[in-house]
Amino acid sequence: MEFGNDTFTKSALLLAIGFPVTELLLSEAIQYLHQQGRPLSGTLQILRNLLIPSLASLIFLTYIGHLDPESWVIRFNETVLWICTLVAALSLFDILLFFDSDVTRQSPVGTTVDQVDVSERWQARIPKLFRDLARVVLILVGAAIILSATWKIDLGGLVTALGIGSVVIGLALQDTLGSIAAGITLLFEQPFKKGDWLRVGDLEGKVTDIN
């Protein structure tokens, strides 16, 4: 057999050389970005610690172990790989969309004109709490779709049960959920900013953070 057309040989070389080299390069990039204070290092950590090992495991089991593609081991690895891909993609999307607004929140108020311009954008008005909750919801929805596609599971009954359960929980926790909704609305409207002085009754204080 020809060396260049041997799938087993190419897969073995990819795992023996490509995997450690990729991990090494990612580790160096993560260290450099971490020293520079760049949030992209978090996304690269997901790639190094989760996505790349999952891909390497799937390649090993498929092309070297020659396992049945319909076996539970292959399906499990595919599920983990796709979920890791989803998490990494959402992390990268969050950085690309909200990095400037995060820098503004962490910097002193009114230091530069650029920061003032950034603070007026719509990204700066979206609370980080809401972004985190939205990311969790997207991951759960994506994971459900991945499970349904990989394991051929019908999730219709589960979705119905979750919907009914959400209604019951919502009715039981009306007051608590109302307070949470009021807090989220306050974060969105931002009637005050960092550095403002507020008086509530006999108490007066300076706003140091809004989260």
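Select Leu187 to begin: at 12% relative accessibility, Leu187 counts as buried, because the cut-off for burial is under 20% relative accessible area. The model you have open is a predicted one, and in it Leu187 belongs to helix α7, which covers residues 174–189. Keep Leu187 selected and add Phe130, and you will have two residues that stand 57 positions apart in sequence while their C-alpha atoms are 9.1 Å apart in space.

Now zoom out to the whole chain. Colouring by secondary structure should show seven helices and two strands, and a walk along the sequence gives the order α-α-α-α-α-α-α-β-β. If you then colour by accessibility, the buried residues come to 24% of the 211 residues in the protein. Of the contacts with a separation of 6 or more, 54% are accounted for by residues 24 or more positions apart.

Next, select helix α1, residues 7–35, together with helix α2, residues 40–64, which pack at an angle of about 170° with their axes 9 Å apart. That angle makes α1 roughly antiparallel to α2, since angles over 145 degrees are placed in that class. Sorted by class, the residues in the contact of α1 with α2 are 19 nonpolar, seven polar and two charged.

Stay with α2 and show the side chains of Leu51, Leu58, Leu61, Ile74, Leu81 and Cys84, the six residues that make up the largest nonpolar core. Helix α2 and helix α3, the latter spanning 72–106, each supply at least two residues of this core. A second core, separate from that one, has five residues, among them Leu26, Ile30, Leu44 and Ile52. In soluble globular proteins, nonpolar side chains tend to be buried together.

Return to Ile74, a member of the largest core, and display its surroundings. Once its neighbours within four places in sequence are set aside, Ile74 is in contact with Leu58, Leu61, Thr62, Leu67, Asp68 and Pro69.

Further on, select Leu90, which also lies in helix α3. Is Leu90 buried or exposed? Leu90 is buried, with a relative accessible area of 15%, because that value falls under the 20% limit. Beyond its neighbours within four places in sequence, Leu90 is in contact with Arg135, Leu138 and Ile139. Add Val136 to the selection as well, and the C-alpha atoms of Leu90 and Val136 prove to be 9.8 Å apart, although the two residues are separated by 46 positions in sequence.

Finish at the two strands. Strand β1, residues 197–200, pairs with strand β2, residues 203–206, in the antiparallel sense and over four bridges. Selecting Val200 leads you across to Leu203, its bridge partner in β2. The strands β1 and β2 form a hairpin with two residues between them, and in the turn you can pick out Gly201, which has a positive phi of about 65°.

Notes:
Residues are numbered from 1 along each chain as its sequence is written. This is a predicted model: local features need pLDDT of at least 70, side-chain atom pairs count only at pLDDT 80 or more; totals for chains, interfaces and linings use all residues. Side-chain values use heavy atoms; hydrogens and water are left out. Axes are lines fitted to C-alpha atoms, for helices over the stretch in contact, and angles run from 0 to 180 degrees between N-to-C directions. Angles under 35 degrees count as roughly parallel, over 145 as roughly antiparallel, 65 to 115 as roughly perpendicular and the rest as oblique. Ala, Val, Leu, Ile, Met, Phe, Trp, Tyr, Cys and Pro count as nonpolar, Asp, Glu, Lys and Arg as charged, and the others, Gly among them, as polar. Two strands pair if DSSP finds at least two bridges between them. A nonpolar core is a set of buried Ala, Val, Leu, Ile, Met, Phe, Trp, Tyr and Cys residues joined through side-chain atoms within 4.5 Å. Buried means under 20% relative accessible area, exposed over 50%, partly exposed in between (1.4 Å probe, protein chains only). Contact means heavy atoms within 4.5 Å.
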